[in-house]
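Trainee: Got a minute to go through a structure with me? I'd like to start with one residue and work outwards.

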Amino acid sequence: LRNITIGWVKGRVSNFDYLLALNCLSGRSFNDLCQYPVFPWVLSNYKSDEIPNLNDKANYRDLTKPMGALNPDRLKEFLERFRTFDDPMIPPFMYGSHYSTSAGVVLHFLVRLHPFASLHRQLQGGHFDVADRLFSYVSRTWDMCTGQSASEVKELTPEWYCNPTFLRNVNQFKLGTSQDGQTLGDVELPPWAKGSPEKFVEVLRCALESEICTSMLPG
């Protein structure tokens, strides 16, 4: 830990490799869905038509706070629930969902890839979950994770910063049709990505490696 931190501070280790090393040193592994590596949301702009200015801090998520604390109104509700929670068996808690669950974030984001698709279907009785609950829109996912929902406080998987394939329905899975009549296929990207998963991941990786992001990461 000391060596990797010194290397990162001196600029010899990228932010991506630093975060991946911290995940590994804490016991997380790509081989265990219940302890899959966790990467943070970095950008906060998924609406603009042009690529966000990566030199403008307004386009970044506040990395000094967990996802559940980014929305002040929702944070008040979490804190109130924690203070008033009274159960003889269950201790008070802030968030009702957690990253370390095989039925959670990993299979949600990577549902279009093998072997995650098969594992997802096993957990759903042999078929894909209802289309409206599947990961289909980047901007909608960000809005849900920072909005009023008490159950959506997801961070991300490393694939968001290195593997655009998870955004494509390369296996032509029949993921169903949403209530608004949209047949699910590839993930809907922000306008600034111009429909390119490669461009999307490239921009996110550049944001992750930016000086602004580096300044917010704990050393």
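Trainee: Leaving aside neighbours within four places in sequence, which residues is S136 in contact with?

Mentor: This is a predicted model, so keep that in mind. In it, S136 is in contact with R112, A131, L184, D186, V187 and E188, leaving aside neighbours within four places in sequence.

Trainee: Where is S136 placed?

Mentor: In the loop between α5 (116–123) and α6.

Trainee: And is S136 buried or exposed?

Mentor: Buried. Its relative accessible area is 9%. The cut-off for buried is under 20%, so S136 qualifies.

Trainee: How confident is the prediction, in pLDDT terms?

Mentor: The protein averages a pLDDT of 92. 97% of the residues score at least 70.

Trainee: Where is confidence lowest, and where is it highest?

Mentor: Lowest in α4, at a mean of 91. Highest in α7, at 98.

Trainee: Now the core. How many residues are in the largest nonpolar one?

Mentor: There are 48. Y46, W160, Y161 and F200 have the most contacts inside it.

Trainee: Which helices each supply at least two residues of this core?

Mentor: α2 (15–25), α4 (105–109), α6 (138–146), α7 (197–208) and α8 (211–216). The largest share comes from α7, with 6 residues.

Trainee: What about another core, apart from that one?

Mentor: There is another, of 8 residues. V111, F128, A131 and L134 are among them.

Trainee: Back to Y46. What does Y46 touch, not counting residues up to four places away in sequence?

Mentor: W41, V138, S139, W142, P190, P191, W192, F200 and L204.

Trainee: I see aromatics there. How many aromatic pairs are in the whole structure?

Mentor: A search finds 19. One of them is W192 with F200, and that pair is stacked. The centres are 5.6 Å apart, with 20° between the planes.

Trainee: Are W192 and F200 buried or exposed?

Mentor: Both are buried.

Trainee: Which residues form the aromatic cluster?

Mentor: W41, Y46, F109, F135, W142, W160, F166, W192 and F200 form one cluster.

Trainee: Which ring does the charged end of R205 sit over?

Mentor: The ring of F16, 4.2 Å from its centre. Likewise, R140 lies over the face of Y137, at 4.0 Å from the ring centre.

Trainee: Switching to the N-terminal end. Which residues of α1 are buried?

Mentor: α1 covers residues 2–9, and T5, G7 and W8 are buried in it.

Trainee: Why are they on the same side of α1?

Mentor: Because they cover an arc of only 160° around the axis. On the other side of α1, R2, N3 and V9 are exposed.

Trainee: What covers the buried residues of α1?

Mentor: The cover includes α2 and α8.

Trainee: And α2, which residues are buried there?

Mentor: N15, F16, Y18, L19, L20, A21 and N23. So F16, the ring under R205, is on that list. What covers the buried residues of α2 includes α1, α7 and α8.

Trainee: What phi does G11 take, just after α1?

Mentor: A positive one, about 85°. G27, which follows α2, also has a positive phi, near 100°.

How values were computed:
Residues numbered from 1 in each chain as written. Predicted model: local features only at pLDDT ≥ 70, side-chain atom pairs only at ≥ 80, totals over all residues. Heavy atoms only, no water. Core = buried A, V, L, I, M, F, W, Y, C linked by side-chain atoms within 4.5 Å. Buried < 20%, exposed > 50% of the residue type's maximum accessible area, 1.4 Å probe, protein only. Helix = DSSP H or I, 4+ residues; strand = E, 2+ residues; numbered from the N terminus. Contact = heavy atoms within 4.5 Å. Phe/Tyr/Trp six-rings, centres within 6.5 Å; stacked < 30°, edge-to-face > 60°. Lys NZ or Arg CZ within 6 Å of the ring centre and 35° of its normal. Arc of directions from axis to C-beta. pLDDT = per-residue confidence, 0-100.
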